[in-house]
Amino acid sequence: MSVLPATLRGDDNIFREIEIRSVEATTRSLDTTPEASIYKDILSISFDASGICSFYIEDCFGATVYTGAFPANGMEYSYDLSGIGEGLLRLVIVNQRSEYEGYFNL
């Protein structure tokens, strides 16, 4: 029996967009926002900026469970998250000027 509402439970057969927002909400910038989605255990990330972005994923206790990097060239990059655990996870994307975050369930 689950205690999470149906909208918060992860379902391996549903493609879900991850809403990404700037951590520095008070700054104004012409930067575009990264895009991320999750399908099954595959995380897809893209960012149309420049340089290299790093990212990490934290579990609900704030422990880092995954790290990676990708070029911010507008292409979509995929990462297999199988084996990192289940529950509410926080995705943080960092580029040279900004930090972005989004939450998702596995």
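Biologist: Is Phe55 buried or exposed?

Modeller: Keep in mind that this is a predicted model. The relative accessible area of Phe55 comes to 2%. The cut-off for buried is under 20%, so Phe55 counts as buried.

Biologist: Which residue forms a stacked aromatic pair with Phe55?

Modeller: Going by ring centres and planes, the chain has 6 aromatic pairs. In one of them, the centres are 6.0 Å apart, with 20 degrees between the planes. Planes under 30 degrees apart count as stacked, and the partner of Phe55 here is Tyr66.

Biologist: How many residues apart in sequence are the parts that this pair of Phe55 and Tyr66 ties together?

Modeller: Phe55 sits in strand β5, residues 48–58. Tyr66 belongs to strand β6, residues 64–73. The pair therefore links two strands, and the separation in sequence is 11 residues.

Biologist: What does Tyr66 count as in terms of relative accessibility?

Modeller: The value for Tyr66 is 22%. Buried would need a value under 20%, and exposed one over 50%. That leaves Tyr66 in between, so the label is partly exposed.

Biologist: Which residues form one aromatic cluster?

Modeller: The stacked pair of Phe55 and Tyr66 is a good place to start. Both of these residues belong to the cluster, along with Phe70 and two tyrosines. The full set is Phe55, Tyr66, Phe70, Tyr77 and Tyr79.

Biologist: Let's zoom out. How many helices and strands does the chain come to?

Modeller: Read from the N terminus, the elements go β-β-β-β-β-β-β-β-β. The tally for the chain is 0 helices and 9 strands.

Biologist: Why is strand β9 largely enclosed by the rest of the structure?

Modeller: Strand β9 covers residues 99–105 and has 7 residues. For comparison, 33% of the 106 residues of the chain count as buried. β9 is largely enclosed because the number of its residues that are buried is 5.

Biologist: Which strand forms a hairpin with β9?

Modeller: β9 pairs antiparallel with β2 (residues 21–22) through 2 bridges, and there Arg21 stands opposite Glu101. β9 also runs antiparallel to residues 88–94, joined by 7 bridges, with Leu89 and Phe104 among the bridge partners. With 4 residues between the two strands, the hairpin partner of β9 is β8.

Biologist: How many disulfides does the structure hold?

Modeller: A disulfide is a covalent bond between the sulfur atoms of two cysteines. Cys53 is buried at 0% relative accessibility, whereas Cys60 is exposed at 56%. For disulfides in the structure, the count is 0.

Biologist: Which residue other than glycine has a positive phi, near 55 degrees?

Modeller: Most residues other than glycine have a negative phi. The residue in question lies in the loop between β3 (35–39) and β4 (42–46). At 37% relative accessibility, it is partly exposed. Its name is Lys40.

Biologist: Which backbone oxygen does the side chain of Arg16 reach at 2.8 Å?

Modeller: Arg16 is part of strand β1, residues 16–18. A polar atom of its side chain lies 3.3 Å from the backbone oxygen of Ile14. The contact at 2.8 Å goes to the backbone oxygen of Asn105.

Biologist: Last one. How much of the area that the chain exposes do carbon and sulfur atoms supply?

Modeller: The chain exposes about 6,700 Å². Of that area, the share from carbon and sulfur atoms is 52%.

Key
Residues numbered from 1 in each chain as written. Predicted model: local features only at pLDDT ≥ 70, side-chain atom pairs only at ≥ 80, totals over all residues. Heavy atoms only, no water. Phe/Tyr/Trp six-rings, centres within 6.5 Å; stacked < 30°, edge-to-face > 60°. Buried < 20%, exposed > 50% of the residue type's maximum accessible area, 1.4 Å probe, protein only. Pairing = 2+ DSSP bridges. Disulfide = S-S within 2.5 Å. Areas by Shrake-Rupley, 256 points an atom, 1.4 Å probe, with all protein chains shown as cover. Polar contact = N/O pair within 3.5 Å; in protein donor to acceptor, adjacent residues only side chain to side chain.
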